[in-house]
Structures are given as structure tokens and as C-alpha cells.
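Work through the exercises below with the structure open beside you. Try each task before reading its solution.

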Amino acid sequence: MNWSKLFDGIIEYSFYILLFTVPLILTPYNYELFEFNKMMLVYFMTIIIFGAFLGRCIVNKKFEIAKTPLDIPIILFFLSQLISTLFSIDIHTSIWGYYSRFHGGLLSTICYVILYYVFATFAGSTNSKSEPLSKSQLKKLRYQNLELNKNKFSFVNTSIIILLSSALLITFYGVLEHFGIDAKYWIQDVKNWVFSTLGQPNWLGAWIDGLIFIPIALILSGKKNLNKFTIYCLLFTVYYFCLLFTGSRSAYYGFLTTLVAFLILLVIANKNSLWKKIIFSLSALLFFSFAFLQEWKGLVIFKIGMVIFVFSSIASLQLVLERKLKILINSGLGIILIISLFLGTPISKPINLNFLKTNVAQTVQPPVSPRPKYAPDISNSSTIRRVVWKGAIEAWKHWPVFGSGVETFAYSYYNYRPREHNDLSEWDFLYNKAHNEYVNFLTTTGVIGLGTYLLLVGWFLIWAVLKILNKKFDISNLSLVIALVAGYASILVTNFFGFSVVPVAVLFWIFPAIVFVLTDSITIKQYNNPTIKQLDTSQYIGLSIISLAVGYFIFMVCRFWWADYQFSQGKKYTDAGYLLQAHELLTNAVLLNNSEPLYHSVLAENASAIASVYYQKDASGSAQIINQLVKLAQDQAQMTLQINNVHLNYYKTIAKTYIYLGQINPRYYNDAMNTLLKAMELSPTDAKISFNIGLLYQQTGNIPAALQYLEKTVQLKPNYTVAHLSLAKLYHQENKDDQAKEELNFILENIEPNHGEAKDLLKQWQ
């Protein structure tokens with residue numbers, strides 16, 4: 001058996017499976033439908049790929065590793081993540097990632113680094129630019145180099161085709177989604193905000209941005225072929241339609257980044273006078289800058305400026321492109337312009353809307369009553385980001401060097417959550433990301449983590465631009481290299497408005513490896529290279545150890561997935577009110593993955609709820625069952641906080657657990673109170689916690705404390721209607737009618753003028 005060839009095949013086809021399947025995979029059976037399954041698949045395939053890579057090294061009796069231009073930045077970045085994990089406020093989260101996101105933890109970074117180096121080594125191992133060989137080895141390889149280099153580029157080209165094929169399926173489904181193919185299955189407005197198999201419009205758009213100009217590059221780099229030309233044009237068109245249907249502004253900014261970067265790099269790589277290149281580059285950059293000035297888009301000067309810069313960019317482009325490029329690029333720009341004008345884009349309306357003005361009789365609109373000061377409203381994304389970034393910066397100031405720990409934003413942010421967060425429409429959402437990858441790195445990994453990340457991306461971009469200018473590689477790969485670099489640049493823009501997810505992260509790490517292969521920039525370091533034809537005993541032992549390790553880690557990944565499945569089903573039964581059925585499933589989840597605090601917290605709540613039901617039914621012989629459930633709930637609550645004592649949601653769940661137990665024995669209300677007070681320490685501006693503390697004090701008869709916390713609640717969140725009502729009722733109960741009426745009038749005058757209960761109570765208390 002040719003063991004080396006076997007392992008080569010495993011590596012090659014495992015990468016194909018990874019690139020094709022990661023963006024596609026999702027299941028309805030897990031707690032998180034999209035990211036969890038994609039991350040589990042990355043773990044699974046990384047184990048197989050790395051195991052095959054080590055097996056390949058053993059059978060060849062040589063260890064090969066690619067030496068790439070990014071080695072130093074990658075080492076520094078990885079060390080920053082490792083140190084941040086070691087000093088994290090929650091090491092478990094920093095290793096695995098935040099539950100439901102998963103991507104971004106130290107383990108995922110290890111996987112991406114392994115995939116990067118194995119891809120680069122495998123694709124570049126047949127490159128003639130390796131470590132010096134002996135004369136006999138050179139003679140032996142003389143007649144093999146041509147075929148080997150073909151194999152190298154065949155692997156890279158096939159990987160790219162695999163990516164484009166996966167993208168075609170995903171974007172075509174996204175287009176169908178726009179026309180309602182699966183609208184009945186989602187509560188989201190999927191027709192106007194398509195997300196296909198990636199789970200969120202911004203994520204889908206960011207992933208498309210990375211790939212969208214590769215079909216154009218393949219047309220430019222290949223020989224004239226009508227069939228391929230038609231296929232690649234169709235790919236680009238489908239990708240662009242799907243991008244528009246995401247409705248994502250950040251993704252469209254990413255697209256503009258790719259477009260401008262692709263054209264500028266294409267221009268500067270061609271032989272033209274410097275002044276022409278400068279004119280076009282400045283026009284393109286100005287056009288790109290204007291696209292970000294959304295708050296000015298209603299001004300006439302903005303519209304005039306946009307028209308001028310669009311046409312000046314296109315005109316100057318004609319001066320710098322060769323004839324072959326000019327026809328293709330102009331055709332592509334024409335497609336983009338026509339589609340964008342008639343369909344509109346996420347940052348502009350369709351042009352035909354401007355011509356719908358007709359001379360119809362003006363109708364008299366009834367006067368609009370003034371909007372109440374604190375009337376409920378949907379916060380726009382820029383307002384949300386400003387508030388979240390403000391709190392993130394304050395959190396960073398507390399952990400400036402290595403941050404609070406990899407992927408711990410959901411914990412550290414709430415220590416410094418701004419009061420203004422309560423004014424947002426998403427005020428009670430848990431933010432586990434800063435909605436800006438760079439701010440997120442700053443908060444969780446400090447200046448060292450952010451600095452090394454910026455070094456990594458900056459190093460690659462500068463290196464790539466210089467390489468494109470020098471063109472010291474196979475020139476037939478030039479346009480493809482430019483498309484990959486432009487796609488990589490788009491990721492940096494979409495990450496500014498959001499955060500990276502698994503499919504985008506795969507592109508982030510694989511694109512540089514492909515670029516290095518295409519530009520012959522990889523040197524293979526070889527260690528120990530004897531000429532042995534047959535496997536010896538030590539090699540068999542090594543292969544056996546690797547096989548056992550691979551089997552064990554694959555088993556653990558499957559076990560991890562199965563635990564999440566059990567938990568997800570248990571959660572669904574709990575939400576539906578089937579507590580006993582849920583209990584068995586949640587118990588299974590805990591047994592399968594005892595280190596996950598989320599499972600313990602939900603099992604604690606479940607056990608306490610069942611105990612409360614048994615107590616209320618007062619069934620004979622149920623005392624022992626109740627005692628067992630009470631003990632289980634207490635044990636699980638304590639276990640939750642032993643594993644993670646910084647997550648706000650766990651304190652809320654445990655407080656709810658103790659409130660259930662308080663129905664059996666009132667002494668547990670004190671435990672609930674202490675839990676909520678601790679939660680208040682973790683998030684001092686959380687109005688919901690303050691409100692629940694006030695209600696609990698009221699329930700236990702401590703009226704002064706109840707008033708104190710309810711008054712604090714309405715100060716933290718002035719438009720909290722239910723808190724004003726509760727405070728008004730408590731004031732009335734304490735014969736403070738004037739203050740009670742003030743609260744009711746505040747609701748009617750500042751929040752909801754037609755609030756029925758407030759009006760009724762005001763009439764009753766007159």
C-alpha cells in the first residue's frame with residue numbers, strides 16, 4: 001500500500017469537504033442552528049486533516065512545514081491569544097468560545113492555524129522552492145517538477161472551484177429565499193433580509209464579499225472560452241443579486257471595498273503611466289469614501305458628488321486598462337450599475353422611485369400629535385453600536401494589556417454597560433460581541449491582542465500589494481491573486497461593522513495560504529529525510545498512536561455535538577411545559593458534557609420547577625421526590641457558579657431557580673435575593689435586575705427596599721412602563737397617592753398616551 005499517497009488523498013479531499021460544506025451545514029436539532037454545526041465540522045475536519053498530515057510525515061520519515069511570509073505575525077497573534085486565555089476572567093469560555101457562538105475561542109484559533117499551515121505545506125510541498133537538496137535528489141526530481149507543479153496548482157484551483165460551487169448553491173438559495181421559498185419557516189423577514197445557510201444577512205453578505213470577484217479573475221486569467229466566460233459571469237451575477245437581497249449595509253460597504261481594491265490593484269499591476277494610475281486610484285477612493293456618508297445622502301451636493309466621482313472613476317479607468325481588460329471590466333461594471341439602479345442597494349433606493357412623481361391633487365394630512373419623549377422606538381444600528389462601543393472601551397480600560405480574556409465580552413462589557421443601553425430597543429438582549437471585531441479584540445485581548453491582529457492583517461496586505469507590484473511570479477495567476485487580496489480586504493471592512501463567523505474565518509485564514517502558493521512564496525522546511533521504502537516498527541507504532549488520538553478526538557467532538565442535541569431538545573420541552581420529558585434530556589446533556597455551565601443552570605431551573613409543581617399538587621408520597629429535586633437544583637446551581645461566576649445570565653437563571661424553591665420553603669427567597677444582588681454587582685446599570693430585586697423585596701415584605709430599587713429602576717430606564725406601574729401601585733399601597741399619580745401621568749405623558757391600565761388606575765385613584 002502506498003501510505004503516502006493515501007494520506008495525501010485524505011488531506012486533499014478533506015479540504016474539499018471542509019471548504020464546500022462549512023458554509024452549507026446547519027441542522028434544526030441544535031441550540032444554535034448555524035454557527036455551532038459549522039464550528040463542530042471545522043473541529044472534525046481539522047482532526048482528520050492534521051492526523052493525516054502527521055501520518056504523512058511518519059510514513060515519509062520527514063517532517064515538513066511551510067515557511068510563509070506570515071509566520072512571525074501568526075506566532076505573535078497566537079501567543080497573544082494564549083496569554084489572554086491564561087489570564088482570562090473565565091478560562092473555559094476563552095478556550096471553547098462563548099456558547100452559541102463557539103467561534104473565536106483559543107481552540108478555534110488553533111484549528112485555523114493548523115488548517116493554514118497544512119494547506120500551505122500540502123499545496124506548496126511540490127514547489128521547487130524548497131530547502132536545498134543533494135545533487136542526486138535534484139537529478140531524481142528533474143523530470144518530475146513539471147507534473148508536481150501541475151498537481152500543486154490543481155489542488156489550489158480545485159479548492160477555489162469548490163468554494164465557488166458552494167457559493168453558487170448558497171446564493172441561489174438566497175435568491176429563492178427572497179421570493180419566499182422558506183418564508184413560512186422563519187419568524188424573521190427573510191424575504192427582505194435573506195441569510196440562506198449562514199444564519200444572518202450580514203454574515204452571508206460578508207462571505208459573498210470575499211468570493212464575488214474570483215469569477216471575474218478567472219475570466220481574466222484563463223484563455224478565451226465562451227462556456228467558461230458565460231458560467232463565471234452567471235456566478236458573479238447570482239452572487240451580486242444575493243448580496244443585494246441580504247439588505248446588509250455593512251456587506252455592501254464590504255463589496256465596495258472589494259470593487260475598489262480589485263480595480264486599483266488591477267490598474268497598478270498593469271503597464272501604464274504613473275499619473276493615470278494616481279488619477280484613477282484617487283477617483284475610486286473618493287467614490288468609496290462618499291459611499292460611507294449616509295447621513296449626507298439627502299443633500300444635493302452629496303448626489304452631485306456621487307455622480308461626478310462615479311463617472312470620473314469610470315472615465316479614468318478607460319485610460320489605464322488594456323483593451324482586453326477594458327471590455328470585461330466595463331461589462332462587469334455595467335451589470336453592477338444596471339442592477340443597482342433598478343433594484344436599489346442596501347445604501348441606495350431604486351432609481352425608478354425618483355420618477356414616480358405625478359401631478360395629483362394634494363391631500364390634506366391630519367395633524368400629527370407630538371411624539372412622547374420616551375415613546376418606544378426601534379434603535380438604528382449605528383446608535384446601538386455607539387453605546388456598545390462606549391461600554392467596551394470602558395471595559396478595556398480595566399484590562400488594558402491582555403484584555404478580560406478571549407471571547408469574554410459577554411461578561412466584561414456588563415461591568416461597564418452604559419446607562420444609555422437601557423434606552424435602546426434591544427436593551428434586554430445579551431451582547432456577547434462588540435459588533436466590531438477590532439473593539440472586541442481590544443476589550444477581550446487588550447492592546448497586545450488587537451496589536452498582533454492588526455499586525456497580521458497589515459503585514460499580509462502590505463506584502464501582497466508589494467508582491468503584485470513586483471510581479472515576480474507566474475503572471476497568469478495575477479488577477480486571481482488580486483481578487484483574493486481584494487476579498488480579504490472586504491473582510492476587514494465587514495468586521496468593522498460586525499464580527500467574524502466560521503465561514504468568513506475560513507476565508508480569512510485560507511486566502512493568504514492560497515496567495516502564497518500562487519505567488520511561489522512558500523519554502524518547505526524539511527527535517528530528517530532518509531530514503532526508506534518500507535515501514536518499520538516505529539512507524540507502525542506512530543501510526544497506531546495517531547489513529548487512536550484521531551479516533552478519540554473525533555469521539556469527543558461527536559459527544560460534544562450529542563450533548564448539545566440533548567440540551568436543545570430538553571430546552572424545547574421545557575419551553576413547551578413538558579418538564580419531566582425535559583428533565584431526562586437535560587440530565588443526559590450534563591452527563592455528556594459536565595464542564596458546560598449552561599447545562600447545569602438550565603437543569604437546576606428545571607428541577608426546581610418540577611419540585612414546585614409536585615409541592616403545589618400536594619400528592620401523597622411526593623415528599624421524598626421533592627427533597628431529591630430540591631437538592632439537585634441546589635447542587636446544579638452551585639456547580640454552575642463554580643464553573644463560571646462571571647456570566648450575568650447564569651445568576652438570573654439561578655435566581656429564578658431559588659424563586660421556584662421559595663414556593664416550597666420561603667428561606668430560598670433569601671438565596672434568590674443574594675443571587676440577584678450579586679448580579680447587580682456584575683451589571684450595575686441593568687434595569688431588569690433592579691426591577692426584579694424590587695419585586696422580590698416587595699414579595700418578602702421589605703417595602704422600603706422595594707421602593708428604593710423600583711425608584712432606581714425607573715431612573716435607569718425612564719421608559720420602563722411596567723416598572724412605573726409597579727412603583728405606582730406600591731406608592732398607592734403605602735398611601736402615597738400623589739407620587740402614585742405622578743408615575744401614572746409620566747406613563748401617559750412620556751411613554752404611552754393610550755395606556756389602558758394607567759388610565760383606569762388614574763380614574764380609580766382620583
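The exercises that follow concern a predicted model.

**Exercise 1. The whole chain**

Task: State how many helices and strands the chain has, and what share of its residues is buried.

Solution:
- Start with the elements. The chain has 30 helices and 2 strands.
- Next, take burial. Of the 766 residues, 54% are buried.
- Then look at the outside. The chain exposes about 35,500 Å². Carbon and sulfur atoms supply 62% of that area.
- Finish with the contacts. Take those between residues at least 6 apart in sequence: 74% of them join residues at least 24 apart.

**Exercise 2. Helix α9**

Task: Decide whether helix α9 is largely enclosed or open, and explain why.

Solution:
- Locate the helix. α9 covers residues 214-221.
- List its buried residues. They are Ile 214, Pro 215, Ile 216, Ala 217, Leu 218, Ile 219 and Leu 220.
- Conclude. Because 7 of its 8 residues are buried, α9 is largely enclosed by the rest of the structure.

**Exercise 3. Nonpolar cores**

Task: Find the residues with the most contacts inside the largest nonpolar core, then trace the contacts of Phe 255.

Solution:
- Size the core. The largest nonpolar core has 154 residues.
- Name its best-connected members. Phe 15, Ile 214, Phe 255 and Phe 262 have the most contacts inside it.
- Link back to the helix. Ile 214 is also one of the buried residues of α9.
- Trace Phe 255, leaving aside neighbours within four places in sequence. Phe 255 touches Asp 209, Ile 212, Phe 213, Tyr 240, Leu 243 and Ile 336.
- Look beyond this core. Another one, of 67 residues, lies apart from the largest core. Its members include Leu 424, Ala 609, Ala 637 and Ala 706.
- Add the general rule. In soluble globular proteins, nonpolar side chains tend to be buried together.

**Exercise 4. A nonpolar surface patch**

Task: Name the residues of the nonpolar patch on the surface, and say which helix gives the most to it.

Solution:
- Collect the members. Ile 72, Ile 75, Leu 76, Leu 79, Leu 455 and Trp 459 form the patch. Together they have about 500 Å² of accessible area.
- Assign helices. α3 (71-86) and α17 (437-470) each supply at least two residues.
- Compare. α3 gives the most, with 4 residues.
- Check one member. Leu 455 sits in α17. Its relative accessibility is 31%, so Leu 455 counts as partly exposed.

**Exercise 5. Positive phi in loops**

Task: Say where Lys 61 and Asp 520 are placed, and give phi for each.

Solution:
- Recall the background. Most residues other than glycine have a negative phi.
- Take Lys 61. This residue is in the loop between α2 (35-60) and β1 (63-67). Its phi is positive, near 50 degrees. With a relative accessible area of 22%, Lys 61 is partly exposed.
- Take Asp 520. This residue is in the loop between α19 (502-518) and β2 (523-527). Its phi is positive, near 55 degrees. Asp 520 is partly exposed, at 27% relative accessibility.

**Exercise 6. Cysteines and a distant pair**

Task: Give the number of disulfides, then the separation of the Tyr 540 and Val 59 C-alpha atoms.

Solution:
- Search for disulfides. The whole structure has 0.
- Check two cysteines. Cys 57 has 11% relative accessibility, so Cys 57 counts as buried. Cys 111 is buried too, at 7%.
- Place Tyr 540. This residue lies in helix α20 (residues 537-576). Tyr 540 is partly exposed, at 45%.
- Read the pair. Tyr 540 and Val 59 are 481 residues apart along the chain. Their C-alpha atoms are separated by 8.7 Å.

Methods:
Residues numbered from 1 in each chain as written. Predicted model: local features only at pLDDT ≥ 70, side-chain atom pairs only at ≥ 80, totals over all residues. Heavy atoms only, no water. Patch = residues over 30% accessible without salt bridge, like charges linked within 9 Å, V, L, I, M, F, W, Y side chains within 5 Å. Areas by Shrake-Rupley, 256 points an atom, 1.4 Å probe, with all protein chains shown as cover. Salt bridge = Lys/Arg side-chain N within 4 Å of Asp/Glu carboxyl O. Buried < 20%, exposed > 50% of the residue type's maximum accessible area, 1.4 Å probe, protein only. Contact = heavy atoms within 4.5 Å. Core = buried A, V, L, I, M, F, W, Y, C linked by side-chain atoms within 4.5 Å. Disulfide = S-S within 2.5 Å.
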